[in-house]
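Q: I would like to learn how helix packing and sheet topology are read from a set of coordinates. Could the discussion proceed feature by feature?

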Amino acid sequence: MRGLQPVIRSCVRWVRRPLQPAVRLWRRNIQLRVVAFTLLMSVGVVLLLGFVVIGQVKNGLLDAKEKAAENQATGGFHIAQEMASTGSQSSSGAPGVGSPQGAVHSGDWLTSLVEQFASGGKGVYWIVTLSPGAGSEQTFGEGVVNARGPRGSGSILPDASIPASLRDAVEKHSGAVEQYTLARTSDGDPPQRALAIGKRLTDIDGSPYELYYLFPFDQEEKTLGLVKGTLATAGIFVVVLLGAIAWLVTRQVVTPVRMAAGIAERLAAGRLQERMQVTGEDDIARLGESFNKMAQNLQSKIQQLEDLSRMQRRFVSDVSHELRTPLTTVRMAADVIHDVRGDFDPVTARSAELLQNQLDRFESLLSDLLEISRFDAGAAELSAEPIDLREVVRRVVDAAEPLAERKGSRVVTRGDAQPVIAEADPRRVERILRNLVVNAIEHGEGRDVVVRLATADGAVAVAVRDYGVGLKPGEATRVFNRFWRADPARARTTGGTGLGLSIAVEDARLHGGWLQAWGEPGGGSQFRMTLPRTAGDSLRGSPVPLEPDDSRRNRGLLSSGLPARVAAPVALPPPRTGAADDTKAEGGWGREPGYPPQIPGIPPVPGVPAHAPAADPAALPGNGARVVERREALREDDV
C-alpha cells in the first residue's frame with residue numbers, strides 16, 4: 001500500500017496540472033463566477049418550470065383523452081346493444097347487422113359490427129371483439145370458420161393488445177372497464193400506448209361477447225413532444241439571455257473595480273499620480289470619487305512624510321558633519337589634558353578620564369549617526385567578496401575577550417571545523433557580529449556566550465547565544481529599534497550608543513539576509529544572522545534554528561524552569577553574577593538538586609520568577625514571523 005502512494009500522488013498531480021489554469025481563472029475572475037452561478041440557477045429554474053408545465057400539460061391531455069374516450073365508448077356500447085336487440089327481433093333482411101338468421105350468422109354480425117364502428121373512428125380508435133370460447137370451431141358449408149373468434153379493425157392484434165387483467169375485469173363487472181395498455185399491430189410498427197375501454201355485451205343470438213375500444217395516444221404524444229420542444233427552445237434562449245444579462249451587469253460593476261485594483265497596484269508601486277476616471281453620479285461614480293480623494297490625501301501625506309524624512313536625514317547628516325570640526329578641536333584639547341592627568345589632583349585626573357571616555361562615545365555616536373543617515377538616504381553600498389566567516393568570528397571574539405574577562409564570561413565558538421564561505425562585505429559582517437557578541441557578553445550575567453556557525457542550502461548563519469536576562473514577550477522585535485533598551489534604568493558599561501542593532505539589521509538587509517532575535521525571560525536570548533551564500537540570491541531558510549535546543553520549551557520545562565511533570569515545586573538556584581562565585585562541575589556549571597538535566601557543553605539556565613511566559617521566536621518585520629505568547633503544555637498551577 002505504501003508503494004502505491006507515490007504513484008497515486010503522481011497521478012493526482014498529473015490530473016490536476018491541466019486544471020490549474022482553469023482553477024486559477026475561476027478564483028481570480030469574479031465576473032466568471034457570477035455568470036456561472038447565474039447560468040446554473042437559470043438552468044435549475046428553467047428545468048423546474050419545464051417539469052411543472054409539462055406535468056400540467058400531460059395531465060390535461062390525459063384527462064381530456066379519458067373523458068372523450070369514455071363518452072365515445074359509452075355511446076358505442078349503447079348503440080351495439082340496441083343493434084343486437086333489433087337484429088334479434090328481425091326475421092328477414094340481408095345478412096349482416098340487423099339481419100339475424102340464427103346462430104350461424106352471429107360471426108358475420110360481429111364482423112359487420114366491427115367494420116361499421118371502425119369506419120367512423122379510423123385513426124382515432126380501434127375496435128376489438130372477443131368472445132368466451134373463441135377457440136370452438138363450427139362447420140358451415142365447404143370450410144371451417146371460427147364464428148366466435150376475435151375480431152379487430154385495421155391492423156390491430158386483438159389477443160396481443162387486450163391484457164388478460166382487463167378481460168378478467170370485464171368478465172366480473174357489468175359496466176365499462178378501462179385500463180392503459182400497449183396496442184400492437186401487424187404492420188411491424190412499435191407498440192403504442194393506448195387506453196382500452198371494454199364492456200360485456202350480448203350478440204343477436206343472446207350469446208355474450210366483449211367489445212373493446214382502444215384509443216391510442218399518438219396525437220397526445222405529438223402534442224406533448226411539441227410542448228417539450230417549445231419549452232426546451234425557450235429555456236435555452238432564456239438561459240443564454242440571462243447569462244448575457246448577468247455578464248453585462250457584472251461587467252458594469254467589475255470593470256470599475258478592476259480599474260480601481262489596477263490603480264491601487266500602481267499606487268503601491270509608487271505612481272501616486274494615478275487616478276480613476278469618474279463618469280455619472282451613481283454608486284460606482286461615488287466610489288471612484290472617494291477612491292480619488294483617498295489617493296490624493298495619501299499622496300499629500302506621503303509627500304509630507306517624505307519631506308519630513310528628507311529634512312530629518314539632512315539634519316542628522318548636517319549635524320554629524322558639522323560636529324566633526326568642533327569635536328576634533330575638543331578631542332585635541334582632551335588628549336592634551338588626558339596625557340598630563342598625572343600632574344593633576346585626583347578629582348581633576350578623574351574628570352580628564354571621564355572626558356576622554358565620553359568623547360570616545362561621542363565619536364562612536366557620530367559615526368553611527370552618519371551610517372544611519374546613509375541607510376536612510378539609500379546611499380549605503382555593499383562591497384561583497386568571498387570571505388570565511390570563521391576568520392571574522394575569530395577577530396570579533398578576540399576583540400571582545402577583554403570585556404568577557406571583566407564580566408567573568410567565556411565566549412565558545414562551535415561549528416568552525418569546516419569553512420563557512422559566503423560572498424559578503426567583511427566590514428559590515430564584522431560590525432554585525434561585534435554588536436551581537438558584545439551585547440551577549442554585556443547581558444549574559446557572567447555566563448558563557450556560545451557562537452555557532454553553520455552552512456546549508458545556499459545560506460550561511462551565525463547565531464550568538466547567551467544565558468542572561470533574556471527577552472520578554474514582544475521585545476524580540478523592538479530590540480532592533482533605534483535607542484531602545486529593555487531596561488531603561490540599566491547603565492551601559494561598554495559605552496554603547498543604542499544604534500548598534502539598528503545598524504546591524506540594516507547591514508543584514510543590505511546583504512539580502514535576516515537578523516532575527518529570540519529570547520525568554522531569565523533563559524537568555526539568541527540572535528541569528530542568516531546571509532545568502534552567493535550575493536544576490538534569495539533565502540529560503542536558515543541552517544541554524546532560531547530557537548535553541550536548550551530552550552525551556554525544547555527541554556519540556558514550564559516558564560518557571562520546572563519540569564512539566566514534577567510532582568512538587570523545587571527551589572532553583574539563584575542567578576550567578578560573576579565568575580568568582582561560580583563553582584564549576586565536571587561537564588559544566590554546578591547544579592542544585594532538582595535542577596533540570598543539563599545538556600552537555602551548555603550552561604544550565606538559572607532560576608527565574610514563576611509565571612513568566614515564554615516568547616516565540618521573532619524575526620525582522622516583513623518575513624512572516626510573529627511575536628505571540630506561547631501557551632504552556634501544562635499550567636504551572638497544576639504542577
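A: Helices and strands here are DSSP runs, with at least four residues for a helix and at least two for a strand, numbered from the N terminus. The model is predicted. Gly415 lies in the loop between strand E9 (411-414) and strand E10 (421-424).

Q: Is Gly415 buried or exposed, and with which residues is Gly415 in contact beyond its neighbours within four places in sequence?

A: Gly415 is partly exposed, its relative accessible area being 40%. Beyond those neighbours, Gly415 is in contact with Val420 and Leu453.

Q: How are strands in a sheet described, and what is the order of the five strands in the open sheet?

A: Strands of a sheet pair through backbone hydrogen bonds, in either a parallel or an antiparallel sense. In this open sheet the order is E9-E11-E12-E14-E13, with mixed pairing. E9 and strand E13 (514-520) stand at the edges with a single partner strand each, so one side of each has no neighbour in the sheet. Strand E11 (residues 449-456) pairs with strand E12 (residues 459-466) in the antiparallel sense over seven bridges; Val462 in E12 is the bridge partner of Leu453.

Q: How is the packing of helices H10 and H11 read?

A: Two packed helices are described by the angle and the distance between their axes. The axes of H10 (residues 389-407) and H11 (residues 426-442) come within 9 Å and cross at roughly 30°. H10 is therefore roughly parallel to H11, and their crossing is right-handed. The residues of this contact comprise twelve nonpolar, no polar and five charged.

Technical notes: Residues numbered from 1 in each chain as written. Predicted model: local features only at pLDDT ≥ 70, side-chain atom pairs only at ≥ 80, totals over all residues. Heavy atoms only, no water. Axes fitted to C-alpha atoms, helices over the stretch in contact; angles between N-to-C directions. Parallel < 35°, antiparallel > 145°, perpendicular 65-115°, else oblique. Left-handed = near helix turned anticlockwise from the far one by under 90°. Nonpolar A, V, L, I, M, F, W, Y, C, P; charged D, E, K, R; others polar. Buried < 20%, exposed > 50% of the residue type's maximum accessible area, 1.4 Å probe, protein only. Contact = heavy atoms within 4.5 Å. Pairing = 2+ DSSP bridges.
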